[in-house]
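Work through the exercises below with the sequence and the model open. Try each task before reading its solution.

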Amino acid sequence: MQIIVVRPFTQPKVEEIENTLEAKQAIVGGYIQAIYPWEDEIALICNEEGKLLGLPINRFLWSEDGEPVDYIAGTFLICGAPIDSEGFESIPDKLIDKYIKLFQF
């Protein structure tokens with residue numbers, strides 16, 4: 001599956017991984033947590049204990065008003081999460097540029 005990987009202190013990049021729990025856990029370095037902060041059918045998958053483990057602050061999530069509302073600790077990935085599906089999928093091609101730009105420095 002095609003995803004965007006966002007590592008601390010680096011630019012986001014598109015990668016191909018197997019669509020398995022183990023592959024996602026390997027990227028985030030532990031148990032996964034999916035959050036859905038956008039209207040697009042997209043999930044942000046991060047380490048569920050990233051903050052507790054003291055992983056480095058990676059990126060902030062911003063409100064529509066431009067205020068920081070939370071931060072993500074450690075490496076995370078962005079993938080597709082269609083409402084009518086029970087799993088995760090490749091990020092749609094039409095959304096890749098949007099989410100690359102969102103997390104660029």
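**Exercise 1. Strand E1**

How many residues of strand E1 (residues 2-6) are buried? Treat the coordinates as a predicted model throughout. Then sort the residues of E1 by face.

Solution.
- Step 1. Apply the cut-off: buried means under 20% relative accessible area.
- Step 2. Count along E1: 5 of its 5 residues are buried, so the strand is mostly covered under the cut-off.
- Step 3. Split the strand by side. Gln2, Ile4 and Val6 lie on one side. Ile3 and Val5 lie on the other. Both faces of E1 are covered.

**Exercise 2. Partners of E1**

Find which strands E1 is joined to, and name a bridge partner in each.

Solution.
- Step 1. Recall the general rule: strands of a sheet pair through backbone hydrogen bonds, either parallel or antiparallel.
- Step 2. Take strand E2 (residues 13-16). It is joined to E1 by 4 bridges, and the two run antiparallel. Gln2 has Glu16 as its bridge partner in E2.
- Step 3. Look at the hairpin of E1 and E2. It has 6 residues between the strands, and Phe9 takes a positive phi near 65 degrees there.
- Step 4. Take E7. Here 3 bridges make the link to E1, again antiparallel. Val6 has Phe76 as its bridge partner in E7.

**Exercise 3. The sheet**

Write down the strand order of the open sheet and identify its edge strands.

Solution.
- Step 1. Chain the pairings together. The order of the 5 strands is E2-E1-E7-E4-E3, with antiparallel pairing.
- Step 2. Find the strands that pair on one side only. These edge strands are E2 and strand E3 (32-35).
- Step 3. Check the twist. On average, neighbouring strands of this sheet are turned by 35 degrees against each other, direction ignored.
- Step 4. Inspect another pairing. Strand E4 (residues 42-47) meets E7 over 4 bridges in the antiparallel sense. Ala43 has Cys79 as its bridge partner in E7.

**Exercise 4. Helix H2 on the sheet**

Describe how H2 packs, and decide whether its buried residues line one face.

Solution.
- Step 1. List the sheet contacts. H2 packs on the sheet and touches E1, E2, E4 and E7. The direction of H2 makes about 0 degrees with that of E1.
- Step 2. List the buried residues of H2: Leu95, Ile96, Tyr99, Ile100 and Phe103.
- Step 3. Look down the axis of H2. The buried residues fall within an arc of 140 degrees, so they line one face of the helix.
- Step 4. Recall the general spacing: an α-helix has 3.6 residues a turn, so residues three or four places apart point the same way.
- Step 5. Turn to the face away from the buried side. It carries the exposed residues Lys94, Asp97 and Lys101.
- Step 6. Place the buried residues against their surroundings. They pack against E1, E2, E4, strand E5 (57-62) and E7.
- Step 7. Add Leu102, which also lies in helix H2 (residues 93-103). Leu102 is partly exposed because its relative accessibility is 46%. From Leu61 it is 41 residues away in sequence, with 9.7 Å between the C-alpha atoms.

**Exercise 5. Aromatic pairs**

How many aromatic pairs does the whole structure hold? Classify two of them.

Solution.
- Step 1. A search of the whole structure gives 5 aromatic pairs.
- Step 2. Take Phe60 and Trp62. Their centres are 6.1 Å apart, their planes make 50 degrees, and the pair is tilted. Phe60 is partly exposed at 39%. Trp62 is exposed at 53%.
- Step 3. Take Phe76 and Phe103. Their ring centres are 5.2 Å apart and their planes are at 70 degrees, so the pair is edge-to-face.
- Step 4. Locate this pair. Phe76 is in strand E7 and Phe103 in helix H2, 27 residues apart, so distant parts of the chain are linked.
- Step 5. Check burial. Phe76 is buried at 0%, and Phe103 is buried at 3%.
- Step 6. Extend the network. Ring pairs join Trp38, Phe76, Tyr99 and Phe103 in a cluster.

**Exercise 6. A loop residue**

Is Thr75 buried or exposed? Where does it lie, and what does it touch?

Solution.
- Step 1. Thr75 lies in the loop between strand E6 (68-73) and strand E7 (76-80).
- Step 2. Its relative accessible area is 14%, so Thr75 is buried.
- Step 3. Leave out residues up to four places away in sequence. Thr75 then touches Val5, Val6, Arg7, Pro8, Ile27, Val28, Cys46, Asn47 and Asn58.

Note on methods
Residues numbered from 1 in each chain as written. Predicted model: local features only at pLDDT ≥ 70, side-chain atom pairs only at ≥ 80, totals over all residues. Heavy atoms only, no water. Buried < 20%, exposed > 50% of the residue type's maximum accessible area, 1.4 Å probe, protein only. Contact = heavy atoms within 4.5 Å. Pairing = 2+ DSSP bridges. Phe/Tyr/Trp six-rings, centres within 6.5 Å; stacked < 30°, edge-to-face > 60°. Axes fitted to C-alpha atoms, helices over the stretch in contact; angles between N-to-C directions. Arc of directions from axis to C-beta.
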